[in-house]
Amino acid sequence: MSAAQPLAWVDCPTGLAGNMVLAALLDLGLPEAVVAQPLAALGVAEAYRLECREARSCGLRGMQLEVALTEPSPPHRHWGELRQQIAAAPLEPALQQRVLEVFALLADAEAAVHGCAAEAVHFHEVGAVDALVDVVGVCAGFQHFGVKQLVCTPPPAGHGRVRTAHGLLPLPAPAVLELARRRQVPLAASDDFPAAELTTPTGMALMAVLADRFGQAPALRPGAVGVGLGTRQLDRPNLLRLVLADPLLSGQGELQETLLQQQAQLDDCSAEDLALLMEALRNAGALEVFHQPLLMKKGRPGHLVTVLAQPDQGTALRSVWWHYGSSIGVREQLQQRLSLPREILSIETPWGVVRVKRSRRPDGSWLCKPEADDLAAMAARHQLPVERLRRAVLALVEEPLP
């Protein structure tokens, strides 16, 4: 697997649950110590036991995981108490931040559906200890494998009713629906499934935080596949597949991907309105937004606005067009894009740290570009011309880099 851009694809045709994701990571060869060490730092080493075994679901193999609690009646914990416990633990900073982010999102969603303050949320539905095991284990697992990009397919949430501490609740579970609303996570249809809970709040919160986007997998070359099995019996294999891969390169070494192009011609908006539309499209997740001048009917000057985005972003971006734009139509088509593999380096210079985007050409040479904002900040701080700093930084970049 490439060290520059390791990719993970989570395929969840029968839903998301924290123990299924963790089981898939363990199936990939994640050492249990990677899970146990941060949990010991949190002081819960004696509160659980991982029971992981190979099993089958409708004839397909995978790893099935159960978090067995060693306390007969573990105490309920408020989010305020749990947050202090996580923040005070001697965890690796990046892991600690991710774990806090997942639990904070989960607490906010639970608070919204129960009408209480987030600090007062009890983690009894997801369980304090088993939720810690799932969240810490999954976050530590992706960090262990060095995943830089994570894509998750839209999960089905389920339908029917589920029995909880609050009685019978409708499905999707209220917290799952709130998490999907907050993070704009698309939900796949589940009407052809038996009535059941397919996606849990913990599973949804994990992917809402960790996934870079939801949609179909990009072009990739699979390197390893881990399978986590659910415990519920369905009319089909109840599994989650986790694929570690490299983005697919063309024969010349470029990254190859399919993008959505959206375009509209505008001749009835002001410069201010045009700028607002383009900024809103960028904020909604578009990869590129640009416009070109046009001469339209009746000799009117106009603009052709073009957007490039991931294919699954189409619905969200169309809502921006209708809200901020003046056009009554938007054209769409899928396009193939080839791009050079790239990475961002932080370079120490006599004037400060500068981020440099570095891309490898097919002949093996490097194309380097210092970050313009960093150069501008250094120029202002040291009262030096930007172009002089750019030349100096590029001269440093020509030296051997890691």
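Mentor: Helices (H or I, at least four residues) and strands (E, at least two) are DSSP runs, numbered from the N terminus. With that naming, Pro311 is found in the loop between S13 and H9. Please bear in mind throughout that this is a predicted model.

Trainee: How many helices and strands does the chain have?

Mentor: There are 11 helices and 17 strands in the chain. Taken along the principal axes, the box filled by the C-alpha atoms is roughly 75 × 55 × 45 Å. Of the 402 residues, 46% count as buried. As for contacts between residues at least 6 apart in sequence, 69% join residues at least 24 apart.

Trainee: How should one read burial at a single residue? For instance, is Gln310 buried or exposed?

Mentor: One compares the relative accessible area with a cut-off, and buried means under 20%. Gln310 has a relative accessible area of 13%, so this residue counts as buried. Gln310 lies in the loop between strand S13 (301-309) and helix H9 (314-324). Pro311 is found in that loop between S13 and H9, and is partly exposed because its relative accessible area is 37%.

Trainee: Which residues is Gln310 in contact with, leaving aside its neighbours within four places in sequence?

Mentor: With those neighbours set aside, Gln310 is in contact with Arg213, Glu257, Thr258, Leu259, Leu260 and Leu287. On the same terms, Pro311 is in contact with Thr258, Leu259, Leu260 and Leu334. One may also take a C-alpha separation: Pro311 and Pro218 are 93 residues apart along the chain, and their C-alpha atoms are separated by 9.9 Å.

Trainee: How is a pocket to be read? Which residues lie nearest the centre of the second largest pocket?

Mentor: A pocket may be described by its volume and by the residues that line it. The second largest pocket has a volume of about 640 Å³. Its lining comprises 26 residues, and Gln149, Pro218, Glu257, Gln310 and Arg337 lie nearest its centre. Two of these names, Glu257 and Gln310, have already appeared as contact partners.

Trainee: Which strand gives the largest share of that lining, and how do the lining residues divide by character?

Mentor: Strand S11 gives the largest share, with 4 residues. Strand S11 (255-266) and strand S14 (331-339) each supply at least two residues of the lining. By character, the lining divides into 10 nonpolar, 9 polar and 7 charged residues.

Trainee: How does one read an aromatic pair, and how many does the structure hold?

Mentor: One takes the separation of the ring centres and the angle between the planes. The structure holds 1 aromatic pair. Trp79 and Phe103 form this pair, with 6.3 Å from centre to centre and 20 degrees between the planes, and the pair is stacked. The pair links distant parts of the chain, since Trp79 is in helix H3 (residues 79-88) and Phe103 is in helix H4 (residues 93-114), 24 residues apart. Both Trp79 and Phe103 are buried.

Trainee: Helix H4 also contains Glu101. Which residues is Glu101 in contact with, leaving aside its neighbours within four places in sequence?

Mentor: Glu101 is then in contact with Arg183 and Val209. Glu101 counts as partly exposed because its relative accessible area is 29%. The C-alpha atoms of Glu101 and Val354 are separated by 28 Å, and these residues are 253 residues apart along the chain.

Trainee: A ring may also have a charge over its face. Which residue lies over the face of Phe193, and which over that of Trp366?

Mentor: Arg236 lies over the face of Phe193, at 3.9 Å from the ring centre. Over the face of Trp366 lies Arg358, at 3.8 Å from the ring centre.

Trainee: Finally, how should backbone geometry be read? Which peptide bond is cis?

Mentor: Most residues other than glycine have a negative phi, and most peptide bonds are trans. Here the bond from Leu171 to Pro172 is cis, with omega near 0 degrees. Pro172 lies in the loop between strand S6 (167-171) and helix H6 (174-183).

Trainee: What is the phi of Cys58, and what is that of Gln184?

Mentor: Cys58 is not a glycine, yet has a positive phi of about 50 degrees. Cys58 lies in the loop between strand S2 (48-57) and strand S3 (60-69), and is exposed because its relative accessible area is 51%. Gln184, likewise not a glycine, has a positive phi of about 55 degrees. Gln184 lies in the loop between H6 and strand S7 (196-197). With a relative accessible area of 63%, Gln184 is therefore exposed.

Conventions. Residues are numbered from 1 along each chain as its sequence is written. This is a predicted model: local features need pLDDT of at least 70, side-chain atom pairs count only at pLDDT 80 or more; totals for chains, interfaces and linings use all residues. Side-chain values use heavy atoms; hydrogens and water are left out. Buried means under 20% relative accessible area, exposed over 50%, partly exposed in between (1.4 Å probe, protein chains only). Contact means heavy atoms within 4.5 Å. Rings of Phe, Tyr and Trp (its six-membered ring) pair if their centres lie within 6.5 Å; planes under 30 degrees apart count as stacked, over 60 as edge-to-face and the rest as tilted. A charge sits over a ring if NZ of Lys or CZ of Arg is within 6 Å of the ring centre and within 35 degrees of the ring normal. On a 1 Å grid over the protein atoms alone, a cavity is a set of points where a 1.4 Å probe fits but cannot get out, and a pocket is an open set with protein on both sides within 12 Å along at least five of seven lines; lining residues have an atom within 4 Å of a point. Grid points are joined across faces, edges and corners, and a volume is the space filled by probe spheres set on the points. Ala, Val, Leu, Ile, Met, Phe, Trp, Tyr, Cys and Pro count as nonpolar, Asp, Glu, Lys and Arg as charged, and the others, Gly among them, as polar.
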